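Q: Hey, could you walk me through this model? I'd like to go through it piece by piece.

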Amino acid sequence: NNMSAFTSALLRAHAAPFRGLAARNLSLASQPSTTLLRCTPVLATSKHGKGSTSEEVRLKAQSEMQEYWERNMKLKRPWSPHLTIYSPPLCMRTSFLHRATGIAMAVVWTGVGAAGFLYTGNFEPMLEYVNAFQFGPSILYGAKCVLAYPLVYHYMNGMRHLAWDYAIGFDMKTVNMTGTTVLILSVLVTLALASIKS
């Protein structure tokens with residue numbers, strides 16, 4: 001009995017702060033709707049009285065949320081940020097491309113290299129197998145560009161990230177300048193590497 005009484009007292013003591021927090025939130029939600037953001041209509045359900053059942057609150061919240069989205073659809077309001085109207089900044093584009101090239105190198109290069117080695121047991125027979133198809137020079141040049149670009153871009157943009165690790169080049173003017181430089185140089189270096197005859 002003493003243990004159960006102690007446990008009950010301990011639980012009541014720990015629950016007290018939460019009851020106070022709930023009471024403050026309820027009083028805040030019970031204020032006039034002018035103090036609440038209209039974009040969260042579910043809060044408006046609390047002002048209809050403390051005696052509302054959970055089912056009434058749920059139905060009211062569902063109704064107001066449905067009205068909210070129907071009004072947005074009627075006014076043709078876009079999601080934000082919407083892909084058709086939102087233009088990612090250059091820093092975001094280069095960051096996304098950095099991750100994409102990293103994934104390409106990790107997955108594609110590893111997969112193709114391992115598959116080629118396991119298929120023939122040696123790298124030179126794999127090259128002979130590809131040459132047997134007698135692809136045109138334009139196709140081979142394009143394939144070289146596709147294989148070289150992820151490495152070139154990821155390496156060059158990685159130098160930007162290395163500079164950022166030392167807090168160099170964080171101002172937006174420098175970020176945009178280095179981003180544009182990396183995009184241009186990576187294409188030029190890729191084209192130069194792909195032109196090398198094997």
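A: Here is a short chat about the helices, how two of them pack, and a few single residues.

Q: Before we start, what kind of model is this, and which cut-offs apply?
A: This is a predicted model, where local features need pLDDT of at least 70, side-chain atom pairs count only at pLDDT 80 or more, and totals for chains, interfaces and linings use all residues. Residues are numbered from 1 along each chain as its sequence is written, and side-chain values use heavy atoms, with hydrogens and water left out.

Q: Cool. How many helices and strands does the chain have?
A: The chain has 6 helices and 0 strands. Helices here are DSSP runs of H or I with at least four residues, strands are runs of E with at least two, and both are numbered from the N terminus. Written from the N terminus on, the order is α-α-α-α-α-α.

Q: And what share of the chain is buried?
A: Buried residues make up 15% of the 198 residues. Buried means under 20% relative accessible area, exposed means over 50%, and partly exposed is in between, using a 1.4 Å probe and protein chains only.

Q: Let's talk α5 and α6. At what angle do their axes cross?
A: Roughly 150°, and the axes of α5 (residues 137-165) and α6 (residues 172-194) come within 8 Å. The axes are lines fitted to C-alpha atoms, for helices over the stretch in contact, with angles from 0 to 180 degrees between N-to-C directions.

Q: Parallel or antiparallel, then?
A: α5 and α6 are therefore roughly antiparallel to each other. The cut-offs are under 35 degrees for roughly parallel, over 145 for roughly antiparallel, 65 to 115 for roughly perpendicular, and oblique for the rest.

Q: What residue types make up that contact?
A: The contact of α5 with α6 divides into 17 nonpolar, 5 polar and 2 charged residues. Ala, Val, Leu, Ile, Met, Phe, Trp, Tyr, Cys and Pro count as nonpolar, Asp, Glu, Lys and Arg as charged, and the others, Gly among them, as polar.

Q: Which residues of α6 are buried?
A: V175, G179, V182, S186, T190 and A194. A194 has a relative accessible area of 3%, and its C-alpha is separated by 7.9 Å from that of G142, 52 residues apart along the chain.

Q: Any other pair linking distant stretches of sequence?
A: Y141 and L191 are 50 residues apart in sequence and 8.6 Å apart in space, C-alpha to C-alpha. Y141 lies in α5 and counts as partly exposed at 32% relative accessibility. There's also A104, which sits in α3 (residues 90-120) and is partly exposed at 24%. The C-alpha atoms of A104 and L147 are separated by 9.3 Å, with their positions 43 residues apart along the chain.

Q: Switching to α2: what length does that helix reach?
A: α2 (residues 54-74) has 21 residues and reaches 30 Å from its first C-alpha to its last, close to the 30 Å expected at 1.5 Å a residue. The expected span is 1.5 Å times one less than the number of residues.

Q: Which residues of α2 are buried, and where do they point?
A: A61, E64, Y68 and N72 are buried in α2. Seen down the axis, the buried residues fall within an arc of 80°, so they line one face of the helix. That arc is taken over the directions from the helix axis to the C-beta atoms. On the other side of α2, M73 and K74 are exposed.

Q: Why would a spacing like that put them on one side?
A: An α-helix has 3.6 residues a turn, so residues three or four places apart point the same way.

Q: Last topic, backbone angles. Where do positive phi values turn up?
A: Q134, in the loop between α4 (123-131) and α5, has a positive phi of about 55° although it is not a glycine. A167 has one of about 60°, also without being a glycine, and is in the loop between α5 and α6. K76, which follows α2, has a positive phi near 60°.

Q: Are Q134 and A167 buried or exposed?
A: Q134 is exposed, with a relative accessible area of 70%, and A167 is exposed at 59%.
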